[in-house]
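Reader: I would like a close look at a single part of this structure, namely the place where charged side chains pair up, together with what surrounds it. Please take it slowly and keep the reasoning attached to the residues.

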Amino acid sequence: MANECDPPDQPCILVIDDDADLVAFLFSILVDERLSIVAASDGQQALDLLEHGLRPHLILIDLMLPRVSGFDVLHHIRTDSSLRSIPRIVITGASQRAAIVADAIFEKPFDHAELLAAIHRLVGVAGPKKAASSSLTGSQPRR
């Protein structure tokens, strides 16, 4: 696990998920989009990275995580003044959508083109290299 974005001149995404296959898939599509990735396999690892100064441009987070849940990580981010402005996208299989506070929510399985469009919209960089739908069906902002 890297604890800083590399290369530092590209937008950085913190991916928090304990599913190694999903993290590998996200890594492959995000690198293709010229984005840096830092991964954490559980909520405590993510909190440690943030506590030690990691400031990603966006956080992709699962809710069902070992040690510290994604709900608790999201709560920490919202209540920390140095973190609350970081956009958050939840990727989850959980059905508790009403309790989720994030900029976008994607239920597994998700359309990766829609996810990339949301990432580019929230990070404020040019759109995905591949044609992507601009519709974010099922991923409405929640604040």
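Author: The model is predicted, and a convenient way into it is the end of the sheet's edge, where T92 of strand β4 stands opposite E107 in β5. Strand β4 covers residues 88–92 and is joined to β5 by four bridges, with the two strands running parallel. These two belong to an open sheet of five strands, in the order β2-β1-β3-β4-β5, in which the pairing is parallel. At its edges are β2 (36–40) and β5 (104–107), each of which pairs on one side only, and from one strand to the next the twist averages 20 degrees.

The charged residue to follow from here is K108, which lies in the loop between β5 and α4 (112–123). The side chain of K108 forms a salt bridge with D17, and the closest N and O atoms of that pair are 3.7 Å apart. Because D17 sits in the loop between β1 and α1 (20–32) while K108 is in the loop between β5 and α4, the contact ties together parts of the chain that are 91 residues apart in sequence. K108 also meets D62 in a salt bridge, at 3.5 Å from N to O. This second pair again links distant parts of the chain, since D62 is in the loop between β3 and α3, 46 residues from K108. Taken together, D17, D62 and K108 are linked in a network of salt bridges.

The partners in this network can also be described by their exposure. With a relative accessibility of 32%, K108 counts as partly exposed. D17, at 5% relative accessibility, counts as buried, and D62, at 4%, counts as buried too, because the cut-off for that class is under 20%.

Both acidic residues of the network turn up again in the lining of an internal space. The structure holds one cavity of 30 Å³ or more, and about 30 Å³ of space lies in the largest cavity. Its lining consists of V15, I16, D17, L26, L60, I61, D62 and I91. Sorted by class, that lining has six nonpolar residues, no polar ones and two charged ones; D17 and D62 are in the list, and Asp counts as charged. Strands β1 (12–16) and β3 (58–61) each supply at least two residues of the lining.

For completeness, the count of salt bridges in the model comes to three, and the remaining pair to describe is that of D42 and R67, whose side chains meet at 3.2 Å from N to O. This pair, too, links distant parts of the chain, with D42 in the loop between β2 and α2 (43–51) and R67 in the loop between β3 and α3 (70–79), 25 residues apart. The two partners fall into opposite classes of exposure: D42 is buried, with a relative accessible area of 8%, whereas R67 is exposed, with a relative accessible area of 64%.

To return to the part you asked about, K108 is bridged to D17 and to D62, and both of these acidic residues help to line the largest cavity.

Methods: Residues numbered from 1 in each chain as written. Predicted model: local features only at pLDDT ≥ 70, side-chain atom pairs only at ≥ 80, totals over all residues. Heavy atoms only, no water. Pairing = 2+ DSSP bridges. Axes fitted to C-alpha atoms, helices over the stretch in contact; angles between N-to-C directions. 1 Å grid on protein atoms, 1.4 Å probe; cavity = no way out; pocket = protein on both sides within 12 Å on 5 of 7 lines; lining within 4 Å. Points joined across faces, edges and corners; volume = space filled by probe spheres on them. Salt bridge = Lys/Arg side-chain N within 4 Å of Asp/Glu carboxyl O. Buried < 20%, exposed > 50% of the residue type's maximum accessible area, 1.4 Å probe, protein only.
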